[in-house]
Amino acid sequence: MDAQEAAAAFPSQYDAATGESSFDKVEKELRGPSLVLNCQLPDGKQVPISCHVGQDVTFVKGQLHRKLDEAGEVPPGNMKLFMDGNWMFDPLSLNDFPSIMNRVSDGAQPIAIEVKFE
């Protein structure tokens, strides 16, 4: 078996055109398209959160908490997210919300999210 036959017997896991591995491609597919959520706090301040539709509500809440903590603005109470008046509860993924998927496919971003602390 020469070198070319040996290379064909065990194909590279990397795509020469993109440099991605087969695992990178699967992960990218599972993450889904990127989006921006514009989180409106009770005081009217808006905080943008960049993520992917494959992320869950807990991830968004964690990113929002991190941004608020860095600014020293974390209000007391449990954080709840609402979109179009509907509670976005854990452990749902963002792709579980048809209105998010419709807005992503239409290119309507950022997506408005209301934040409440109870």
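Which residues is Glu 20 in contact with, leaving aside its neighbours within four places in sequence?

**Exercise 1. Place Glu 20 and list its contacts.**

Solution. The model is predicted, so that local features need pLDDT of at least 70 and side-chain atom pairs count only at pLDDT 80 or more, while totals for chains, interfaces and linings use all residues. Residues are numbered from 1 along each chain as its sequence is written, and side-chain values use heavy atoms, with hydrogens and water left out. Glu 20 lies in the loop between helix 1 (3-9) and helix 2 (22-31), where helices are DSSP runs of H or I with at least four residues and strands are runs of E with at least two, numbered from the N terminus. With a relative accessible area of 19%, Glu 20 is buried (buried means under 20%, exposed over 50% and partly exposed in between, with a 1.4 Å probe and protein chains only). Its contacts, with neighbours within four places in sequence left aside, are Gln 13, Tyr 14, Asp 15, Lys 25 and Lys 28 (contact means heavy atoms within 4.5 Å).

**Exercise 2. Describe the sheet and identify its edges.**

Solution. Five strands form an open sheet of mixed pairing in the order 2-1-5-3-4, where two strands pair if DSSP finds at least two bridges between them. Strand 2 (46-52) and strand 4 (86-88) each have a single partner strand and therefore stand at the edges, with one side left without a neighbour in the sheet. Strand 3 (residues 79-83) runs antiparallel to strand 4 and is joined to it by three bridges, and Met 83 stands opposite Asn 86 in strand 4.

**Exercise 3. Characterise the aromatic pair and the charges that sit over rings.**

Solution. A search of the whole structure finds one aromatic pair (rings of Phe, Tyr and Trp, the last by its six-membered ring, pair if their centres lie within 6.5 Å; planes under 30 degrees apart count as stacked, over 60 as edge-to-face and the rest as tilted). The ring centres of Trp 87 and Phe 89 are 5.4 Å apart and their planes stand at 50°, so the pair is tilted. Trp 87 is partly exposed at a relative accessible area of 43%, and Phe 89 is partly exposed at 36%. The charged end of Lys 80 sits over the ring of Trp 87, 4.6 Å from its centre (NZ of Lys or CZ of Arg must be within 6 Å of the ring centre and within 35 degrees of the ring normal). The charged end of Lys 116 sits over the ring of Phe 82, 4.6 Å from its centre.
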